[in-house]
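Here are some worked exercises to try with the model open in your viewer. Each one sets a task and then walks through the solution.

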Amino acid sequence: MGQWKALSAAWIGYLLDGFDFVLITLVLTEIAHDFHLDTATAASLVSAAFITRWLGGALLGALGDRHGRRTAMVVSILLYSLGTFACGFAWDYTSLFAARLVIGLGMAGEYSSSVTYVLESWPVRLRNRASGFLISGYAGGTVLAGQLYAWVVPVGGWRWMFWIGVLPVLVAVWMRRSLPESGDWQSEIGDAAKGGTGGAVPEHPHPFRLLFARGSRRPVNAALTAVAFAALFCVFTPLGAGFVPWSATVAALCLVAFAVQLGGRRGWLRYVALMVTVFCAFLYSWPVQSLLPTYLKSELGYTPAQVGEVVFFAGFGAMVGCWLAGFTGDLLGTRRAYAVTLVASLAFVFPVFAVRGSLVGLGALLFVLLALGQGISGILPKYIAGHFPTATRAASLGFVYNVGALGGAVAPVLGAQLARGMPLGRALAVLTFGLTLLVVVLVGGDVPRRLGRLVERQEAGDHLVPGPGRGPGPEQGGARRAGASEADGGEASAGAA
């Protein structure tokens, strides 16, 4: 029962995370009207959350490594809930932008803490399944937000959507009072810190050590943080117009510098490779997610009601795909499932953008494309988390994933640029197809781990799978598979009990 309670709680937190994140996209036109914003300035409110995600992933992840996954989950939910609530009181663009920065911090922490909490609470043989079910909560949150938008905004206005967003605070209070700590963290870190294991007490990572290191690195890291924020601000707001390529390069160099410090002499290349992999994963999936409504209205001439129906098919397909991805990952192994499913999705990319006259046909094709192409991201947390040991897993996963998530902000811009020379539908198809193939190579070819071995030849395999030399965490309700090995080049295939 403990593992189901953990999954249910984290799923609710992730559902509410998705709900809070998409609110701004639903009410953006109303906000632009009230605050007299042009399209570019209004769109920067969506991107604002990406400016702080990398920092939230590292700091709140380290908080989870030091004080437990449950504590980090609670803090993350409080941050994005209170940030969303504050959006409802915004009086101008600047105040709303600042509230969105707080939401970005909480969103990043929610991902790293929820993922590690669930994966470390479930049996090894079912961890892909747990990952898939967890990530499906985000799609559920977007569907919920869309339904509430139709009911709330016409009656109460856009501010009420954000005020409703404070309700997750109640979930955070419940989590803090009733949830146990994750099994792996408790056995490897928590009990050892209390002297319960009789062994050496592991070093607890300090949540602010990365940014405020002792000695000469402290001013350097403080400067890197300031420069990274300034560069990202220029990339994602109209103030940086004309300097975007330079700003993006500076931001990337700052973030790589932090990755080198997090990974250390032996692990830095693996960190950078994982950041690039996640970045490409966002690049292939987010053009469709962000520009699909624009395509439906501008090229197909769909009404808002028809757009809503198609988007529902797409969102529901992504949710179902996350569920199926978990079963597929436990059957075939994470990397093999990821690669095979993405290859299968390629068959539906161009047909989706070839359909013109049939709403039902388009909805059905989008359902399948999203179930395969984006649903498989349900096991992306399992893939990333397996690269890191328990003691630093939340901070490492949070940083790597949320830096890579910047691809979600770049994708719409890239799709729009391509659409200048071809129809938008074709641009989305080309971008999705090409970048999906790239992710197949990166994940299926185990590129991050192979690159990591160039500087760390004795690098361990999947840290989420017990093996020689690694003490497994408790397997609540599951069979322990001693000496499990990778079924597809370093990762355990956990299809059999």
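**Exercise 1. Get an overview of the fold.**

Task: find how many helices and strands the chain has.

Solution. The secondary structure comes to 19 helices and zero strands. Keep in mind that this is a predicted model. Next, look at burial: of the 497 residues in the chain, 56% are buried. Finally, turn to the contacts with a separation of 6 or more: residues 24 or more positions apart account for 79% of them.

**Exercise 2. Describe how helix 12 packs on helix 13.**

Task: work out the angle, the orientation class and the residues of the contact for helix 12 and helix 13.

Solution. Two packed helices are described by the angle between their axes and the distance between those axes. Step one: helix 12 (residues 304-332) and helix 13 (residues 334-352) pack at about 125°, and their axes are 7 Å apart. Step two: roughly perpendicular covers 65 to 115 degrees and roughly antiparallel starts over 145, so helix 12 and helix 13 are oblique to each other. Step three: the crossing of this pair is right-handed. Step four: helix 12 contributes Thr-328, Gly-329 and Leu-332 to the contact, while helix 13 contributes Thr-334, Arg-336, Ala-337 and Thr-341. Sorted by character, the residues of this contact are two nonpolar, four polar and one charged.

**Exercise 3. Do likewise for helix 5 and helix 6.**

Task: give the geometry of the packing of helix 5 and helix 6, and list the residues that meet.

Solution. Start with the geometry: helix 5 and helix 6 (residues 127-156) pack at an angle of about 145°, with axes 9 Å apart. Helix 5 passes helix 6 in a right-handed crossing. From helix 5 come Tyr-111, Ser-114, Val-115, Val-118 and Leu-119, and they meet Arg-127, Ala-130, Ser-131, Leu-134 and Ile-135 of helix 6. These residues divide into seven nonpolar, two polar and one charged.

**Exercise 4. Classify two aromatic pairs.**

Task: decide whether the pair of Phe-89 and Trp-163 is stacked, tilted or edge-to-face, then treat Phe-97 and Phe-233 likewise.

Solution. A search of the whole structure finds 15 aromatic pairs. For Phe-89 and Trp-163, the ring centres are 5.3 Å apart and the planes make 45°, a tilted pair. Phe-89 lies in the loop between helix 4 (69-87) and helix 5 (93-119), and Trp-163 in helix 7 (residues 159-164), so the pair ties together parts that are 74 residues apart in sequence. Phe-89 is partly exposed at 49% relative accessibility, and Trp-163 is partly exposed at 21%.

Now the second pair. The centres of the Phe-97 and Phe-233 rings are 5.4 Å apart and the planes are at 75°, so this pair is edge-to-face. Because Phe-97 lies in helix 5 and Phe-233 in helix 10 (residues 217-236), the pair ties together parts 136 residues apart in sequence. Phe-97 is buried at 6%, whereas Phe-233 is partly exposed at 30%.

As a last step, place Phe-89 and Trp-163 in context: they form one aromatic cluster with Phe-85 and Trp-160.

**Exercise 5. Explore the surroundings of Leu-283.**

Task: is Leu-283 buried or exposed, and which residues is it in contact with?

Solution. Leu-283 is found in helix 11 (residues 244-298). Its relative accessibility is 8%; buried means under 20%, so Leu-283 counts as buried. Leaving aside neighbours within four places in sequence, Leu-283 is in contact with Gly-407, Val-410, Ala-411, Leu-414 and Leu-435. To finish, check a C-alpha distance: Leu-283 and Leu-406 are 123 residues apart along the chain, and their C-alpha atoms are separated by 8.8 Å.

Definitions and conventions:
Residues numbered from 1 in each chain as written. Predicted model: local features only at pLDDT ≥ 70, side-chain atom pairs only at ≥ 80, totals over all residues. Heavy atoms only, no water. Axes fitted to C-alpha atoms, helices over the stretch in contact; angles between N-to-C directions. Helix = DSSP H or I, 4+ residues; strand = E, 2+ residues; numbered from the N terminus. Parallel < 35°, antiparallel > 145°, perpendicular 65-115°, else oblique. Left-handed = near helix turned anticlockwise from the far one by under 90°. Contact = heavy atoms within 4.5 Å. Nonpolar A, V, L, I, M, F, W, Y, C, P; charged D, E, K, R; others polar. Phe/Tyr/Trp six-rings, centres within 6.5 Å; stacked < 30°, edge-to-face > 60°. Buried < 20%, exposed > 50% of the residue type's maximum accessible area, 1.4 Å probe, protein only.
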